[in-house]
Amino acid sequence: MIFWLITTLIKILLVFGVLLLSAAYLTLLERKVAARIQNRLGPMEAGFHGILQPIADGIKLFFKEDIIPADANKILFILAPIIVVIPALTTFAVIPFGAPIRILGHIVPLQITNVNIGILFILALSSLGIYGVVIGGWASNSKYSLLGAIRTAAQMISYELSLALSIIGVIMIAGNLSLAQIVSSQAHMWFIVYQPVGFLIYLIASTAEMNRVPFDLGEAEGELVAGFHTEYSSMKFAFYFIGEYAQIVVNSAIITTLFLGGWEGPFLPSVLWFVLKVFVVTLIYIWFRWTYPRLRYDELMDLGWKILLPLALANIVVTGFIMILLGK
Amino acid sequence: MDALFYIFSIIAIFSALMVILVKNPLTSALYVVLCFFALAGFYILLNMQFLAAMQILVYAGAIIVLIVLVIMLLNLAKAKDTIKDFHQLSVGIISVLLLFVEIILYLNTAGETKPTGIYTNAVINKIGNTQIIGQFLFTKYVFPFEVASILLLVAVIGAYIFAKK
């Protein structure tokens, strides 16, 4: 019991630390990749090739003046950035990040907790991310924030459907909702081979869920100043960004677990495989952002409701038919 | 486990009270979300993880979001002076009285009942409660399930027609 408690605590601290650190360094990675795509060098001043840039940014944000607008709803204004960060950080509790290891004769699974409804837990938490945006935009009492929040909310509701439906195919093949089981049933073949459409839909819908370019209408700089976080400054502003970047890591980890075989892989240690795959998916998200222009609002809604949703539904039906034909 | 039950109960009752006591509609909508979280906690204590996840996913993640959106779009920052007419008041008092009668009747008749049927906690944990719920929905309760889905379809079509007008 004591052993279990200690290992779980260590795992929680480890996941928390790594997640926050990678969220911080993702900002640097994004700026570096953006620079390379635009034929620049990116941050070079702080440390070797800008390696200390995230720390410098963090210190700067920490010492900025913290402004709360006079007419804002104070409690909700403070609460909103916190609500953004919580679901992003908690989701990682159910994601297995390595093969079980043996310590002192005990088998320790490298996963904080193995819930038997792992996927639903992730979906439930990701559906709550919207509150931080909506409450933040509303509590600021500014028209740009409100417009950004309403746009974002409408967008997130539209894409959440396709996001949830794109996973159903994986659940059907694995026959289980537990993420540890899903990873172990991919030991021979990754699910991306059976579910290429599901993978693509999840990739697109999750980009929209995170409000990243090309789906960043909620914070379109040209029209809405900065969207829902216009009035935020200092650490509250930073919280929105920690939330966003942690969500990129989490979504990459979910894609890795559901479609790319999780930690399964030959030769290298399992944790390394997991990190490698997550890194590749993260790069895809960043690559998206610096390649595509922003969609118009009606195009965004058309893509969500008229293309992704029917495709996701068709994917489920086709998967079901093939499974029956193959007699699985 | 008992302690958890009481913690969830206190949160549920407190947030339910706050829903009707706060003046700001958005804040009361957020208290509804808190209340749903407490209810999800009850489901987990009852070994019904599937229902708990659905409670959060459907109610907290979708339905209350729509309510919040409506509040934001109508810009109901503060509830205007509520009109207290006799009609409203009488309906409210009658429903509260009915609820109290129901609670008293329930407390009087309900003794300690043992769970019946073959699905004990051990069996549910072995098969998985998602599988059991799915099995029942598609065999024994398939008719009510389909009726509910037709009801939702009617609502969707109705909303579409109203939006078109």
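Q: What makes the one residue pair across the interface of chain B and chain A a polar contact?
A: This is a predicted model, and the rule finds one residue pair in polar contact between chain B and chain A, with both residues at pLDDT 80 or more. The label calls for N or O atoms within 3.5 Å, one able to donate a hydrogen and the other to accept it, so that is the test this pair passes.

Q: Which elements of chain B give two or more residues to the side that touches chain A?
A: Helix 2 (25-45), helix 3 (49-74) and helix 6 (129-138) of chain B do. Helix 3 of chain B gives the most, with 15 residues.

Q: How do you know what kinds of residues make up the side of chain B that touches chain A?
A: Sort them by type and you get 18 nonpolar, six polar and no charged. Asp, Glu, Lys and Arg are the ones that count as charged, so none of those four turns up on that side of chain B.

Q: What is the count of salt bridges between chain B and chain A?
A: Zero. A salt bridge takes a side-chain nitrogen of Lys or Arg within 4 Å of a carboxyl oxygen of Asp or Glu, so no such pair is counted between chain B and chain A.

Q: How much area do chain B and chain A bury between them, and on which atoms?
A: About 2000 Å², with 78% of it on carbon and sulfur atoms. As for who takes part, 24 residues of chain B are in contact with 22 residues of chain A.

Q: Why is helix 9 of chain A called largely enclosed?
A: Count its buried residues: ten of the 14 qualify, so the rest of the structure largely encloses helix 9 of chain A. Buried means under 20% relative accessible area, and among those that make the cut are A:F199, A:Y202 and A:E209. The buried residues of this helix pack against helix 4 (118-126), helix 6 (143-174), helix 8 (191-194), helix 11 (234-259), helix 12 (270-289) and helix 13 (297-325) of chain A.

Q: How do you know what span to expect for helix 9 of chain A?
A: At 1.5 Å a residue, the expected span is 20 Å, and this helix (residues 196-209) is close to that, reaching 20 Å from its first C-alpha to its last. After helix 9 of chain A comes A:N211, whose phi is positive, near 60°.

Q: What makes up chain B, helices or strands?
A: Chain B has seven helices and zero strands. Buried residues account for 22% of its 165 residues.

Note on methods
Residues numbered from 1 in each chain as written. Chains lettered and ligands numbered in written order. Predicted model: local features only at pLDDT ≥ 70, side-chain atom pairs only at ≥ 80, totals over all residues. Heavy atoms only, no water. Contact = heavy atoms within 4.5 Å. Buried area = accessible area lost by both parts, 1.4 Å probe. Polar contact = N/O pair within 3.5 Å; in protein donor to acceptor, adjacent residues only side chain to side chain. Helix = DSSP H or I, 4+ residues; strand = E, 2+ residues; numbered from the N terminus. Expected span 1.5 Å × (residues − 1). Buried < 20%, exposed > 50% of the residue type's maximum accessible area, 1.4 Å probe, protein only.
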